[in-house]
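Work through these exercises with the model open beside you. Try each task before you read its solution.

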Amino acid sequence: MTDSSEKLYSSKKPRHAIAPTRSEDYPEWYQQVIRAADLAEVSPVRGCMVIKPWGYAIWERMQSILDGMFKATGHKNAYFPLFIPLRYFQKEAEHVAGFAKECAVVTHTRLEADKDGRLRPVSPLDEPLIVRPTSETIIGEMFAQWIHSYRDLPLKINQWANIVRWEMRTRLFLRTSEFLWQEGHTAHRTAEEAQEETARMLEIYRKFAEEDMAMPVICGEKSTHERFPGAVQTFCIEAMMQDHKALQAGTSHFLGQNFAKSAHISFMDEMGREALVWTTSWGVSTRLMGGLIMTHADDDGLVLPPRLAPIQIIIIPISHNVDTQTPILEYIDALEKRLRQLSFRSEPLRFEVDRRDLRGGEKNWEWIKKGVPLRVEIGPRDRERQELTVSRRDRMSKQTMACEAFIADVVDLLEDIQNQLFQKAMNFSKSHTIRIDTCEEFYDFFTPQNSEKPEIHGGFALSHWNGSAEVEKKLQSELGVTLRCIPLSSLAEDDAGTCPFSGEKSQQRVLFAKAY
C-alpha cells in the first residue's frame with residue numbers, strides 16, 4: 001500500500017469532502033460540489049458565471065464529441081451575429097412572444113461622460129438590437145440569401161455560441177443569464193426530410209447523453225403547452241437527477257414552414273416552381289454540465305465518466321525525502337511511456353503526473369473532488385516491488401496492482417467505470433419511476449412531508465392525460481409538476497386509459513415530474 005500521509009478511508013465514521021451532503025441539503029450540496037471541484041463561480045455581473053479551467057475542459061470534451069457527431073452527419077459550423085434587429089423578431093409573432101420577457105436589448109451606440117464624470121449612454125440606435133436569445137430569425141434571414149434552388153438543399157449549419165436570456169433566479173450551469181450552447185439549423189425540400197433530421201438529431205443527443213455522459217434519458221415529444229415558440233413539434237431528452245427531478249438535457253424542433261414564411265426562405269424545385277423550405281433547429285447547452293454533476297456526483301465531490309474526463313488517470317508520486325524522489329519519478333517516467341501507447345474508445349489515454357510539492361493526502365482529496373476516474377499512487381515500496389496503488393473514483397476503493405497488470409487492465413478499468421456509472425444511474429432512474437392511475441396517489445407522490453424544508457421526494461410519474469393544457473397548468477400551479485414529455489418508446493405502453501385528473505379518455509401515458 002502507498003505511503004500516503006493522509007488516510008482517505010476510515011473504518012470508524014464515514015468522511016466526506018462535501019458539506020452538506022445530498023440528503024441534508026441538496027441545492028446547497030450542488031453548489032458545494034461545483035466549488036470543491038473548481039468548476040465555476042458566480043461572476044461580478046449579476047446572473048452570469050465564470051467557468052473555470054477544469055469546468056471548461058469538461059465542456060470542451062462535450063464540444064469535441066458532439067462536434068464530431070454533427071460533422072459525421074453532414075453539418076458544417078458557422079457563426080452568426082450576437083445582435084439581432086428587433087424587426088426580425090417581429091416577423092414571427094409566436095416566437096417573439098415566447099422570448100420577449102427574457103430579451104436583453106441594446107438601445108445606444110456609445111458612452112459619454114457627463115459634467116460629473118459619470119458615464120451615460122448616448123446616441124440612440126435607429127432600431128434596437130436584441131442580444132441573441134436564440135438565432136432562428138437571423139439565421140433564417142441568411143438562409144433566404146443562400147438558398148435559391150433545390151440544388152442548395154439540404155443546408156445543414158451548426159453554431160457554437162453564447163446566449164443571453166435574463167433570469168430572475170440563477171443557478172450555476174442550470175440557469176444563468178448568459179450561457180454557452182450549440183444550435184443547429186437546417187433547411188430541407190420536404191417535410192419528411194425535415195422530420196427525419198429532427199429525429200436524427202434527437203438520437204444523436206440520446207446517444208451522447210447515454211454513451212458519453214453515462215446519463216440515461218427518456219426521449220419524447222413536448223406537449224403543445226411546452227413546445228418551443230414557433231415550432232410545429234418539439235422533441236426532447238429528459239434525465240432524472242439524484243433529487244428525483246427532471247432535467248431537459250436537449251431539444252430538437254421541427255419548425256415546419258413557420259420561419260420559412262416569415263423570412264421568405266424559398267427555392268425553385270426541379271419543375272421550376274417556387275416553394276418554401278422546411279426547417280429544423282436543435283440544441284444543447286452548458287446545462288449538460290449541471291446534468292453531469294447531478295447524475296454522478298456524490299458526497300465527496302464530482303464523479304466523471306472516463307469519456308468526458310479531461311484527465312482519466314492522475315499519477316501521484318508519494319515521496320517523503322529527496323533520496324526516494326528521483327527513483328520514483330524515473331519509475332513514473334517509464335509508466336508514462338507505456339500509457340502513451342494505449343487508447344480508450346479510439347482516443348489516446350489522458351493522464352497527468354501531479355508533481356506539485358504537496359502532501360499525498362492533499363493531492364488525493366483534490367483529485368477526488370474533481371472526479372478523476374483513476375488515481376495511481378506510487379511510493380518507495382511500490383517502486384521497489386514494481387507495483388502501484390489504484391483508486392477508482394466511482395467506488396472510492398483502493399487496490400495494489402503489479403505495474404504490468406495495471407498496463408494490461410487499465411483500458412478495461414476505464415470501460416468498466418463508464419459502464420458502471422451508466423448502469424447505476426439507470427437503476428436509480430428506474431427505481432424512482434412509477435405508474436400512477438389516481439389523482440390522490442399522484443398528489444401524494446409529489447407532495448413533500450416537510451413543506452418548510454422539502455426532503456427529496458417524487459420522481460417520474462407515468463400517468464394518463466387527456467391532452468388538456470388546463471390540466472398541465474393546474475398541476476404546475478398546485479404541485480410544481482410539469483408534463484416533461486410524451487414518451488416515444490414503449491416506456492408508457494398500455495395505450496388508452498383514463499386521465500386521473502379529468503376523468504376523460506387518454507391515448508397513452510405521459511411523463512410528469514418536478515423539473516429544473
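**Exercise 1. A hairpin**

Task: Find which residue takes a positive phi in the hairpin of β5 and β6.

Solution. Step one: note that this is a predicted model. Step two: go to the hairpin of β5 and β6, where five residues lie between the strands. Glycine 117 has a positive phi there, near 85 degrees. Step three: look at the strands themselves. β5 covers residues 104-113 and β6 covers residues 119-131. They run antiparallel, joined by eight bridges. Step four: pick out one facing pair. Leucine 111 of β5 stands opposite proline 121 in β6.

**Exercise 2. The open sheet**

Task: State in what order the 11 strands of the open sheet stand, and find which strands stand at its edges.

Solution. Step one: trace the order, which is β3-β7-β8-β14-β11-β10-β9-β24-β27-β23-β22. The pairing is mixed. Step two: take the edges. These are β3 (76-77) and β22 (433-435). Each has a single partner strand, so one side of each lacks a neighbour in the sheet. Step three: check one pairing inside the order. β23 (residues 460-464) and β27 (residues 509-513) run antiparallel, with four bridges between them. In this pair, leucine 462 stands opposite leucine 511 of β27.

**Exercise 3. A covered strand**

Task: Decide whether the residues of β19 are buried or exposed, and find which strands are joined to β19 by bridges.

Solution. Step one: apply the cut-off. Buried means under 20% relative accessible area. Five of the five residues of β19 (residues 374-378) are buried. Step two: sort the residues by direction. Leu374, Val376 and Ile378 point one way, and Arg375 and Glu377 point the other way. Both sets are buried. Step three: turn to β15 (residues 313-317). Five bridges join β15 to β19, and the two run parallel. Isoleucine 313 stands opposite leucine 374 in β19. Step four: turn to β20 (residues 387-392). Four bridges join β19 to β20, and these two run antiparallel. Valine 376 has valine 390 in β20 as its bridge partner.

**Exercise 4. Nonpolar cores**

Task: Find which residues touch the most other members of the largest nonpolar core, and which helix gives the most to this core.

Solution. Step one: the core has 58 residues, and Met62 and Phe173 touch the most other members. Step two: the helix that gives the most is α2 (residues 53-72), with eight residues. Step three: follow methionine 62 outward. Leaving aside neighbours within four places in sequence, methionine 62 is in contact with Phe208, Met213, Leu288, Met289, Leu292 and Leu308. Step four: look for a separate core. A second one has 29 residues, including Ile313, Leu335, Phe351 and Ile417.

**Exercise 5. Two pockets**

Task: Give the volumes of the largest and second largest pockets, then find which residues are closest to each centre.

Solution. Step one: the largest pocket has a volume of about 1200 Å³. Its lining has 40 residues, and Phe99, Glu102, Arg165, Arg175 and Gln248 are the closest to its centre. Step two: find the elements. Those giving two or more residues to this lining include α4 (93-99), β11 (246-256) and α8 (287-296). By class, the lining has 12 nonpolar, 16 polar and 12 charged residues. Step three: the second largest pocket has a volume of about 870 Å³. Of its 30 lining residues, Pro27, Arg171, Asp243, Lys245 and Tyr516 are the closest to the centre. This lining has 10 nonpolar, seven polar and 13 charged residues.

**Exercise 6. Enclosed cavities**

Task: Find how many cavities of 30 Å³ or more the structure has, and which element gives the most to the lining of the largest cavity.

Solution. Step one: a search of the whole structure finds two. Step two: the largest cavity has a volume of about 80 Å³. α5 gives the most to its lining, with four residues. The lining divides into five nonpolar, five polar and one charged residue. Step three: the second largest cavity has a volume of about 60 Å³. Here too α5 gives the largest share, four residues. Step four: compare the two lists. Glu136, Gly140 and Phe259 line the largest cavity, and Glu136, Gly140 and Phe259 also line the second largest.

Note on methods: Residues are numbered from 1 along each chain as its sequence is written. This is a predicted model: local features need pLDDT of at least 70, side-chain atom pairs count only at pLDDT 80 or more; totals for chains, interfaces and linings use all residues. Side-chain values use heavy atoms; hydrogens and water are left out. On a 1 Å grid over the protein atoms alone, a cavity is a set of points where a 1.4 Å probe fits but cannot get out, and a pocket is an open set with protein on both sides within 12 Å along at least five of seven lines; lining residues have an atom within 4 Å of a point. Grid points are joined across faces, edges and corners, and a volume is the space filled by probe spheres set on the points. Ala, Val, Leu, Ile, Met, Phe, Trp, Tyr, Cys and Pro count as nonpolar, Asp, Glu, Lys and Arg as charged, and the others, Gly among them, as polar. Two strands pair if DSSP finds at least two bridges between them. A nonpolar core is a set of buried Ala, Val, Leu, Ile, Met, Phe, Trp, Tyr and Cys residues joined through side-chain atoms within 4.5 Å. Buried means under 20% relative accessible area, exposed over 50%, partly exposed in between (1.4 Å probe, protein chains only). Contact means heavy atoms within 4.5 Å.
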